[in-house]
Amino acid sequence: VNRHFILFGFAVAVVDGIAVVGVPLENEAYVYERSVTGWVHQSLLEPEELGSVQAFGVSLAMSGDSVLVGAQGESGAAAGINGNPGATPRLDSSGAAYLYRRRGPSWSQEAYMKASTAGAQDFFGMSVAMAGDLAVVGAPDEDGGFTGPYTSDYDNSAPGAGAVFVFQLHADSANYCGPAVANSLGLAANLIHVGSLSIAANDFTLQVDGLPPGQMGFFLSSMGQDFVPNPGGSQGHLCLGRDLIGRHNRPHELRVSSAVGTFELTFDLQDMPVSLAGSSILAGQTWNFQAWYRDLNPGPTSNFSNGLTARFQ
């Protein structure tokens, strides 16, 4: 059916015999596949939460079996990747991007992507691009006042300056929300993992370095990402989800940084803090982690490491 005023074809992307066509006034994207007889309609992409989404399909990018769809008019208040689409208060036209992945003939939504600090009228998703496992999303009306590469956009001191956000996709683990705020040594605490991401192996270990020696700390975990500047008077920033956050501060989990400024913890993936939904990490789930620690800078305060996201197998 030929419908009027839907802007079919406002954005298009083509890779290896697959074409995607954006229809932003219908909040849809059509997938076509080339056959021996021509192009055939293969699938229809829509966001899982339709109510708050506007201009879905205004921009498109493809890489391999993945499609990135911009929705500059989306109004959710989540932050980062796979936050809560229903988070409040609503932020008019903060914008979003949606990642879809093809498995056989079917397409499924794999990620709901927002700016680290969503702001009204930022129009995040007006432009998108992909290259391999990197996704780049433009937010032309974002208001951050920092110049050059930076990981935080919370100051809003330069109205309409614009920003570009870079995401790593399909990696089993990656750092985000970094570098962390420098501590009393002038260092940014850095988080890595060793061991595997195998549920069966159960040897997932987090290590953090760049800490002031002799300071107490512990790890935090969540299935969501966010950006909360200076929570509770901390000098650092919390980068975990607005939903449930687990504190690994039970007696056997508390740590004190070593003389060289490190501490680590091997997690029991079947014994996560009870504050989280369930008490086990399951195969296929993506979790996010961060370290919290005390500091003197110059008076008593606290700080955070950067974040680490990991998809377990």
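## Close-up views of a predicted model

**View A. An open three-stranded sheet runs in the order β9-β10-β11, with antiparallel pairing.** The edge places go to β9 (127–131) and β11 (163–168): each has a single partner strand, so one side of each is left without a neighbour in the sheet. Direction ignored, neighbouring strands here are turned by 20° against each other on average. This is a predicted model, as are the views that follow. Zooming in on one pair, β10 (residues 134–139) and β11 are joined in the antiparallel sense over six bridges. If you want a single contact to look for, V136 has V166 in β11 as its bridge partner.

**View B. Four strands make another open sheet, ordered β5-β6-β7-β8 and paired antiparallel.** Here β5 and β8 (106–113) take the edges; each has a single partner strand, so one side of each is left without a neighbour in the sheet. The average turn between neighbouring strands is 25°, again with direction ignored. As background, strands of a sheet pair through backbone hydrogen bonds, either parallel or antiparallel.

**View C. The hairpin of β5 and β6 has two residues between its strands.** Strand β5 (residues 56–63) and strand β6 (residues 66–71) pair in the antiparallel sense over six bridges. Two residue pairs help you find your way along the ladder: S59 stands opposite G70 in β6, and M62 stands opposite V67 in β6. At the turn, G64 takes a positive phi near 60°. How many of the residues of β5 are buried? Eight of its eight, so the strand is mostly covered by the under 20% relative accessible area cut-off.

**View D. The largest nonpolar core gathers 22 residues.** Those with the most contacts inside this core are F204, F219, F267, F289 and F312. Which strands each supply at least two of its residues? They are β14 (205–209), β20 (263–266), β21 (286–296) and β22 (300–311). The top contributor is β21, which gives four residues. Apart from this core lies another, of 19 residues, with L45, L60, A71 and W107 among them. In soluble globular proteins, nonpolar side chains tend to be buried together.

**View E. On the surface, F5, L7, F10 and L25 form a nonpolar patch.** Together these four residues have about 490 Å² of accessible area. L7 sits in the segment before β1 (12–15). Is L7 buried or partly exposed? Its relative accessibility is 41%, so L7 counts as partly exposed.

**View F. Three loop spots are worth a look for their backbone geometry.** Most residues other than glycine have a negative phi, and most peptide bonds are trans. D16, in the loop between β1 and β2 (18–23), has a positive phi near 50° and is not a glycine. S93 is another non-glycine residue with a positive phi, near 55°, and its place is the loop between β6 and β7 (96–103). Their surroundings contrast: D16 counts as exposed because its relative accessibility is 73%, whereas S93, at 12%, counts as buried. The remaining spot is a peptide bond: the one from N297 to P298 is cis, with omega near -5°. P298 belongs to the loop between β21 and β22.

Conventions. Residues are numbered from 1 along each chain as its sequence is written. This is a predicted model: local features need pLDDT of at least 70, side-chain atom pairs count only at pLDDT 80 or more; totals for chains, interfaces and linings use all residues. Side-chain values use heavy atoms; hydrogens and water are left out. Two strands pair if DSSP finds at least two bridges between them. Axes are lines fitted to C-alpha atoms, for helices over the stretch in contact, and angles run from 0 to 180 degrees between N-to-C directions. A nonpolar core is a set of buried Ala, Val, Leu, Ile, Met, Phe, Trp, Tyr and Cys residues joined through side-chain atoms within 4.5 Å. Buried means under 20% relative accessible area, exposed over 50%, partly exposed in between (1.4 Å probe, protein chains only). Patches are made of residues with over 30% relative accessible area and no salt bridge: like charges are joined within 9 Å, nonpolar side chains (Val, Leu, Ile, Met, Phe, Trp, Tyr) within 5 Å. Accessible areas come from the Shrake-Rupley method with a 1.4 Å probe; for residues, only the protein chains shown count as cover. A salt bridge is a side-chain nitrogen of Lys or Arg within 4 Å of a carboxyl oxygen of Asp or Glu.
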